[in-house]
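Please examine the sequence and the three-dimensional view shown below. The paragraphs that follow lead from the bound ligand outward to the chain as a whole.

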Amino acid sequence: MSSAAHLDIDSRGLATLTLNRPDVHNAFDDQLIALLIDLITQARDDPRTRLLLLSSTGKSFSAGADLAWMRRMADASREDNLRDARKLALLMETLNGFPAPTLAKVQGAVMGGGVGLVSCCDIVVASEAAFFALSEVKLGLAPAAISPYVIAKMGVSQARRFFVSGERFSAVRAAAIGLVHEVVLASELDGKVLQLIDTLLANGPQAMRAAKQLVQVANPLEVTPALSEYTAGVIADLRASDEGREGLRAFLEKGTPSWVAGNR
Ligand SMILES: C/C(=C\C(=O)SCCNC(=O)CCNC(=O)[C@H](O)C(C)(C)COP(=O)(O)OP(=O)(O)OC[C@H]1O[C@@H](n2cnc3c(N)ncnc32)[C@H](O)[C@@H]1OP(=O)(O)O)CC(=O)O
């Protein structure tokens, strides 16, 4: 059985981390989250690594959290649910804190946690056919663990709209709001990324790490333990709520959710 993600580090110091669950648009469950944390940590600790490329197999970059996993956790004890919810926050923290430059190559769907992943990368190149959404609210969920990183990337004003609307937006719009750095024709995506890799690998490796750190120190993103605990609690509670169960049921049964009337 092929692995749900794999890491390759070449002789130039390019570490390529590939999401590999194309049958579910590279949605990530708890096992894949654990594997990704492990592989990012391996890449971070490997002295050869000068650059991390995040890529994916199949039509889509990532459809975010695996909704079958989300649904399973709804039935877990509150303690297990909360413990589980912390894993996604740890993945975002690990990727965001990667010391060398990170580059994401995206195509197809980039949704929910997929937007979280790209928000944690330094450079994002998208196919013009890619589409984005913080679609959690359509599922009775919310973009919780990913929120600090997404807000830092797209800004508060855009987050206020897209967090509550769940609307899809294009790669061109994603670039306009700062989520993506470059949009290219699908046929030019690989070439553009290879060109950027060459540009980055020609730079001083230590200098790039220092330059990245300068941005982080000058403009710190403070994800405190209290904030992580809060965001984990939000997703743990929502997925176990009647509304979350209904949204997940509807997605998994390919239906339309029927929300309970009321203003809370
Ligand atoms: C991070 C946090 C939360 C989240 O991330 S919540 C998840 C947000 N993601 C979504 O809302 C994406 C849901 N998926 C879709 O809208 C569509 O599937 C698609 C990605 C636009 C692709 O559509 P298309 O019509 O091309 O393909 P299918 O819908 O037939 O999908 C094929 C296959 O894949 C399964 N699948 C798709 N996405 C997921 C998913 N996220 N989880 C599990 N499975 C997924 C789909 O069910 C199909 O399966 P079949 O068995 O083949 O029917 C929380 C926080 O921030 O804390």
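Which backbone atom, N or O, of which residue lies 2.9 Å from a nitrogen atom of the ligand? The residue is leucine 67, and the partner in question is a backbone N or O atom of leucine 67. It should be kept in mind that this is a predicted model.

Two side chains also approach the ligand through polar atoms. In histidine 25, a polar side-chain atom is found 3.1 Å from an oxygen atom of the ligand. For lysine 59, an N or O atom of the side chain is 3.2 Å from an oxygen atom of the ligand. The ligand on its own has 1,000 Å² of accessible area, and the protein covers 73% of that area.

The wider surroundings of the ligand may now be considered. The ligand is located in the largest pocket. Around the ligand there are 28 residues, and the closest of them are Ala63, Ala65, Ser135, Ala145 and Lys254. By character, the residues of this shell comprise 17 nonpolar, 5 polar and 6 charged.

Finally, the view widens to the entire chain. Its secondary structure consists of 11 helices and 9 strands. The C-alpha trace extends over about 60 × 45 × 35 Å along its principal axes. How does the radius of gyration of the chain, which has 264 residues, relate to that of a compact globule? A compact globule with 264 residues would have a radius of gyration near 18 Å, and the chain has 18 Å, so the two agree.

Note on methods: Residues numbered from 1 in each chain as written. Predicted model: local features only at pLDDT ≥ 70, side-chain atom pairs only at ≥ 80, totals over all residues. Heavy atoms only, no water. Near = heavy atom within 4 Å. Polar contact = N/O pair within 3.5 Å; in protein donor to acceptor, adjacent residues only side chain to side chain. Areas by Shrake-Rupley, 256 points an atom, 1.4 Å probe, with all protein chains shown as cover. 1 Å grid on protein atoms, 1.4 Å probe; cavity = no way out; pocket = protein on both sides within 12 Å on 5 of 7 lines; lining within 4 Å. Sits in = over half its atoms within 2 Å of the grid points. Nonpolar A, V, L, I, M, F, W, Y, C, P; charged D, E, K, R; others polar. Helix = DSSP H or I, 4+ residues; strand = E, 2+ residues; numbered from the N terminus. Rg over C-alpha atoms; globule rule 2.2 N^0.38 Å.
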